[in-house]
Amino acid sequence: MSCRFILVYRPPSTSPAQTDVLFDNLSLLLSNSYRFNLLLGDFNLPQINWSSDNLLPSDMPAGLESLMSLFDLTQIVDFPTRTSHCGAENFLDLVFCNKPQQISNTVNLPPFLLSDHSSVLFETILPSTSRPTPILSNSFSKRLDYRKCDVKRLLDHLCSYNWPRQLSFFSTVDSKLAHFSAIFNEIIVLYTPTVRARRPIISCRKSKVFRFIQRRNPSLPRPQLKLLVRRQLNRVKRARAREELSIINNKNPKELFHFVKSRLRPPYCPISLLINGILSTDASELANEFSSVFQKAFSPSSPPFSALPAIAPFVVCPDFSPLNIAKHIGSLPSKVGFSSDFINFLVIKKSSDAITIPLSLIFQESFSSAKFPETWKHSVVSPIFKKGSKYDANNYRPITLTHALSRLFERIVLEELKRVIGPSISPRQYGFISKRSCILAVLESTSRIQKTLAKKKSFVDVIYFDFRKAFDTVPHNLLLLKMSRIGIDDRCCRWFESFLINRSSKVKVNGLMSTNEIAVESGVPQGSVTGPFLFLIYINDLLGLFPPSVHVTAFADDLKITGSDPLDLQRSIEIVENWCDIWKLKLAENKTAVMHFGKHNPKTVYSIKGSPITPHRSFRDLGILIDDQLQFDKHINLIAYSAKLKCRQILKTFQSKNPHLYFRLFDTYIRPVLEYGCELFDPSNASLANKLESPLRFFSRKVFQRCNMPFNSYADRLSQFSLLTTLHRRTLLVLRTYHKIVINSYHFPSVSSYILPSHSNRAPCMYKINGQYFDCFLHKNLSLWNRVCKVIKSKLSPVAFSKRVGAIPYDILIPPT
């Protein structure tokens with residue numbers, strides 16, 4: 001519960017019309033009857049005798065009478081506060097409250113200074129004014145069931161407010177947000193039922209259920225225990241059947257993936273760390289240790305630079321109209337998600353029609369005043385394990401969990417920022433921009449390597465750089481300088497300055513918060529919406545500093561340079577070193593790697609910071625294991641083994657007899673492992689193709705055997721459920737990627753150096769090789785593309801092409817040899 005103090009002065013000369021306006025405005029401020037409201041001041045109503053037993057005298061203004069009855073207000077002052085010149089005693093200074101039991105010891109004191117009004121002294125017990133927090137203390141406590149919220153009544157209540165008038169009483173964006181959030185939170189609690197979370201029994205093993213029930217009912221005789229066990233097992237089976245049915249009908253692959261992960265992961269195991277040589281699992285110690293480690297990663301502000309050349313600024317003007325806010329709310333995930341109060345993604349989506357106007361006013365006020373709300377600068381950090389030892393706090397990434405409304409606000413700002421500044425981002429940057437992806441980055445770099453190696457006695461060296469905690473060490477003042485330099489206008493820069501500075505966070509580990517609060521001195525918040533794009537702006541100028549003979553490809557902070565001139569490559573390494581020294585980013589020299597391609601490669605030794613760079617025969621580049629022969633055999637063996645291991649995990653974890661469930665789980669959890677990056681390693685080797693086919697062959701056979709279904713062959717098993725072979729699906733994925741590249745739906749800037757339009761009247765979409773053939777993606781799949789173009793002769797959108805090519809029989813796509 002929060003408090004509201006409203007101080008009023010009504011001059012004696014106030015007309016009846018003005019008095020009505022006053023009470024109308026007070027009704028807006030008092031419209032939330034669930035607050036502790038205290039209305040006090042000089043009302044100048046001498047005609048009312050508040051000491052009489054009549055609480056609503058006939059000479060009371062109608063507006064005041066309705067105000068008191070509507071909001072259950074009680075007038076506390078029962079003594080006159082002013083004596084007129086003619087000796088009449090008047091009740092002018094009044095105190096109204098909707099919780100009179102919390103007011104005590106009201107006394108009359110002498111006038112203050114030169115005033116002719118008596119002073120009124122009273123005591124009040126204020127309710128708690130702390131921020132509401134979700135009821136999530138433990139798994140057995142009550143919590144709000146947001147999915148059963150009474151949406152109609154919630155919308156009606158929210159729509160009853162005149163939000164422009166409500167927010168007009170507040171002068172700052174922080175006060176407007178606090179007013180709106182308090183009302184919204186209390187209405188959510190009012191119309192959302194609570195449920196008691198129970199520990200689910202997910203085991204169907206009779207012995208485990210028997211022991212569980214026996215511990216809870218130790219005095220029951222054995223026959224009754226057996227009866228309870230049978231009932232519990234039946235309930236578990238029915239619940240699992242309902243869960244499996246919902247999984248089969250679920251169209252959201254992310255929810256399916258998280259469902260499978262929750263089943264496959266072991267029982268909850270809390271984080272444990274080595275602190276001063278002692279293994280600790282105490283949540284408070286772990287949280288404080290993470291706070292200390294994350295705090296050390298920040299870099300201090302850099303000394304100011306001299307004036308840098310900048311282009312004419314672009315005006316960044318986000319669209320904060322209710323219609324655009326409603327569009328972005330519609331794109332939010334349909335889940336509860338993290339929130340520091342009761343306002344979460346699910347509630348925002350349900351109440352979209354009623355909250356777009358107040359959010360429009362708050363967002364517009366914040367951006368126009370270049371002031372980011374202080375409430376949203378206090379966040380929770382969740383440590384996410386990367387790789388290495390799980391007992392070392394340095395191997396965890398701090399992910400910032402921000403408020404749901406803050407994320408919505410950032411989405412709208414980022415949309416306009418990408419529209420204005422997106423064209424200024426280097427074409428060699430493939431991260432966090434539409435039409436660009438990890439696979440395109442690897443495709444582009446490997447195609448360039450293969451093109452160079454096609455020449456006689458040529459070689460290529462590739463150097464992979466690794467930045468140490470790049471997102472956390474970006475100095476705020478240098479980032480704002482880069483933003484101004486790239487062309488962002490002054491108001492937007494000042495808003496982002498307010499967004500970045502004076503942030504603080506607490507670490508949450510094993511359900512407990514750290515006692516130490518982290519002052520975020522540098523970096524862009526990992527986990528925020530705008531953070532990744534701000535880092536792209538920061539690193540953007542580095543990508544244009546390299547010599548012409550050196551090709552650079554970047555995915556955010558994953559940077560690699562490719563070239564055949566060792567001197568230029570060494571010079572490029574020094575360029576990266578100098579840039580990091582100037583702009584205060586740190587290189588992880590021990591993680592920087594070099595790969596040598598080509599039979600005639602001299603295997604030059606490169607150095608960074610005076611230390612030689614370690615050569616690698618294979619290296620994982622954005623999830624693809626690349627070897628120095630560009631054969632991808634190791635990667636294919638690895639993903640085939642991983643996919644088969646996941647098949648066994650699913651078969652061991654799920655005991656259903658429903659084959660549709662298993663194939664749905666395969667599509668969600670296993671198939672992405674086999675198909676990620678298949679444009680790169682589509683094997684012509686029959687043995688490698690069989691390895692990629694083996695997980696589905698193994699899984700389908702086990703599913704049919706478990707479900708007691710007859711089958712003759714692998715092809716028969718697939719035909720019974722209208723499934724495609726792994727090879728067929730990879731072929732379709734290759735064609736879809738090829739189509740998006742040639743119609744510029746994917747970012748592939750050097751496509752014209754590999755293929756050119758054939759300008760055929762019969763097949764206008766056909767292409768031909770530009771120059772010499774070599775084994776790159778665009779060349780080795782050109783015959784397949786042209787074969788499809790003979791069937792699909794018109795230019796189509798990506799969605800239409802995907803449907804058309806999916807209907808082509810495989811025998812036409814790949815003629816039998």
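## Domain 2 against domain 4, plus a ring pair

Between domain 2 and domain 4, zero residue pairs are in polar contact, counting pairs with both residues at pLDDT 80 or more (a pair of N or O atoms within 3.5 Å, one able to donate a hydrogen and the other to accept it, with residues adjacent in sequence counting only if both atoms are side-chain atoms). This is a predicted model, where local features need pLDDT of at least 70 and side-chain atom pairs count only at pLDDT 80 or more, while totals for chains, interfaces and linings use all residues. Residues are numbered from 1 along each chain as its sequence is written, and side-chain values use heavy atoms, leaving out hydrogens and water.

**Exercise 1.** Work out what the interface of domain 2 and domain 4 is made of.

*Solution.*
1. Grab the bounds: domain 2 is 206-264 and domain 4 is 632-723, from an automatic or database domain assignment.
2. Get the area: about 1200 Å² is buried, 72% of it from carbon and sulfur atoms (accessible area, 1.4 Å probe, lost on being put together and summed over both parts).
3. Look for salt bridges: the count is zero (Lys or Arg side-chain nitrogen within 4 Å of an Asp or Glu carboxyl oxygen).
4. Find the elements on the domain 2 side: H7 (222-249) and H8 (253-264) each give two or more residues (helices are DSSP runs of H or I, at least four residues, numbered from the N terminus). H8 gives the most, with eight residues.

**Exercise 2.** Classify the ring pair Phe663 and Phe699.

*Solution.*
1. Start with the total: the structure holds 40 aromatic pairs (ring centres within 6.5 Å; planes under 30 degrees apart are stacked, over 60 edge-to-face, the rest tilted).
2. Read off the geometry: the centres of Phe663 and Phe699 are 6.3 Å apart and the planes 75 degrees, so the pair is edge-to-face.
3. Place the rings: Phe663 sits in H20 (659-675) and Phe699 in H22 (686-706), 36 residues apart.

Notes. Buried area = accessible area lost by both parts, 1.4 Å probe. Phe/Tyr/Trp six-rings, centres within 6.5 Å; stacked < 30°, edge-to-face > 60°.
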